[in-house]
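Biologist: I am new to this structure and would like a close look at a single part of it. Could you take me through one sheet and what lies against it?

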Amino acid sequence: MGDSKVWVVGHKNPDTDSICAAISYANLKNQITQSELYEPKRAGHLNEETQFVLKNAGLKAPEYIKDVRPQVKDIEIRRTKGIDKDLSVRRAWELMKGLDVVTLPITKGEELEGLVTIGDVSKSYFEVFDSKILSTAHTSFNNIVDTVNGKVITGDVDNAYAKGKLLIGVANPDILEEMIDEGDIVILGNRYEAQLCAIEMSAGCIIVCEGAKVSNTISKIASDRGVIVISTEYDTYTVARLMNQSIPVSFFMKEKEKLIGFKTNDYIEDIQDIMAKKRFRDFPIEDEEGHYVGMISRRNLLGAGKKNVILVDHNEKTQAVFGIDNAQIQEIIDHHRLGSIETISPVFFRNQPLGCTCTIIYKMYRESAIEITKTMALLMCSAILSDTLIFKSPTCTWEDEAAARDLAVIAGIDPESYGREMFRAGSNLSEKSESEIFYQDFKRFAVNDTNIGVGQVNVMGMDEVKELVKREIDYIPETVGQSGLDMTFLLVTDIMSESSYAICAGKNAEQVLKGAFNVEIDEYPILLKGVVSRKKQFLPAIMDEMQS
């Protein structure tokens with residue numbers, strides 16, 4: 001039923017801490033459990049700063065996920081092997097009985113061609129077909145031999161039967177001459193004259209019943225004229241009754257174009273209504289490349305398992321990946337205020353008032369006596385330098401700095417010079433749109449009944465700050481109303497001078513901003529000297545003003 005993987009994921013619009021925390025914590029959990037069950041994921045696109053870090057660490061970005069609702073691949077998929085479209089309905093029926101299924105997929109290589117059901121198979125037993133049904137269905141002679149448990153006396157049985165009718169040769173030769181047309185299949189007994197008559201009338205195949213011996217003369221004449229001769233132990237009645245069971249399943253199958261099927265990545269929530277409205281017993285499943293995987297039925301949905309998830313660097317529902325309510329949260333590792341995430345059962349929750357999630361994870365490595373590799377050290381050190389603005393942020397604690405400097409030694413870097421290089425890489429925003437800049441590090445919050453969003457961009461130098469503010473000041477009004485936001489704010493921070501410019505949009509947003517920082521009424525955009533932390537300086541002031 002699905003897999004037991006656990007996804008370790010940060011918030012949407014991930015920053016460097018969110019990505020590095022996911023990778024380093026997944027690694028820690030795998031080391032502790034001696035497994036590969038924990039996989040880092042990301043819930044948004046990487047910014048330039050984080051790309052710089054991953055490139056220096058020699059790592060690929062974690063896989064992007066946009067939704068953690070249960071998917072088809074999380075439920076039990078019946079891995080019914082596909083059959084060839086030329087297989088006889090008799091063999092299909094035997095397979096159904098053996099596998100205890102009522103539907104068989106028809107495949108060609110890895111591609112699905114159609115389905116055949118127990119209802120389709122029953123048609124060969126109960127439907128009334130005309131005497132040309134075998135040729136109409138292009139039944140292979142091999143199927144006929146197999147169905148009547150026959151023995152090929154002469155002739156090529158590798159071809160399909162494409163012309164003629166089926167008849168039982170019980171009449172005398174004079175009458176048979178009037179009945180047999182070229183290419184017909186004639187079911188006969190041990191009468192030499194009838195056998196010879198069928199051959200001379202250019203029958204395509206004669207089936208000699210009851211194990212009757214076929215003379216060398218008949219065999220030679222049949223061979224010379226290209227007539228297939230099959231011998232069987234069954235009597236003529238039994239052979240006649242069995243012949244329709246040699247028809248290939250392709251004649252009865254429902255072709256792929258007429259089927260309702262799903263992909264492994266489809267969400268259970270999206271397909272269950274479709275399945276409920278259709279009368280089909282089973283539905284085929286393909287992977288994203290269109291390769292056949294297996295079958296599911298409605299009852300499989302009852303066992304739909306939830307994704308196992310560990311959240312890092314956030315515990316706010318508004319910041320979490322979509323579908324978090326439908327996931328099984330196992331742990332939360334965070335350094336922010338307590339948010340709105342609710343869990344069904346108790347979880348491991350570690351929240352500490354530190355400047356960075358990776359500081360907490362560093363402490364957990366030490367507590368577990370797990371070796372920190374150079375790669376993991378570079379990731380965690382980069383995250384701490386990013387979140388603490390190279391130790392300049394008021395959120396930075398002595399523990400953050402001590403952890404970063406210890407990690408820097410392991411990684412073989414100078415934290416200050418590496419940090420400046422990292423921020424310079426992240427401040428190269430000239431090729432990004434106003435929207436991409438605004439949302440690259442963006443978080444949502446709820447204050448009373450008001451939804452607010454706060455973005456932050458860090459750059460190296462006040463000239464870059466002013467240029468970005470000039471670009472964003474005309475764009476920010478467009479962000480109000482998006483995803484239900486009532487107010488939006490953008491903090492453009494100069495790491496070197498430890499100051500920020502703030503702009504805003506939304507009803508009363510400017511008044512809130514000016515009141516929060518006691519700014520003169522005509523000053524806008526607003527320069528906030530010494531304000532570099534969204535979490536510890538900017539957001540608390542905004543929330544206090546809104547609640548006053």
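Modeller: What follows describes one open sheet, its strands and the helix that lies across it. This is a predicted model, in which local features need pLDDT of at least 70 and side-chain atom pairs count only at pLDDT 80 or more, while totals for chains, interfaces and linings use all residues. Residues are numbered from 1 along each chain as its sequence is written, and side-chain values use heavy atoms, with hydrogens and water left out.

The sheet has five strands in the order β20-β21-β22-β23-β24, and their pairing is mixed; strands here are DSSP runs of E with at least two residues, helices are runs of H or I with at least four, and both are numbered from the N terminus. Two strands count as paired if DSSP finds at least two bridges between them. At the edges are β20 (442-447) and β24 (526-529), each of which pairs on one side only. On average, neighbouring strands of this sheet are turned by 25 degrees against each other, with direction ignored.

Looking closely at one edge, β20 runs antiparallel to β21 (residues 450-459), to which six bridges join it, and lysine 443 stands opposite valine 454 in β21.

Helix α19 (residues 534-547) lies across β20, β21, β22 (487-494), β23 (499-506) and β24, where contact means heavy atoms within 4.5 Å. This helix runs at about 150 degrees to β21; such angles run from 0 to 180 degrees between N-to-C directions, with axes fitted as lines to C-alpha atoms, for helices over the stretch in contact.
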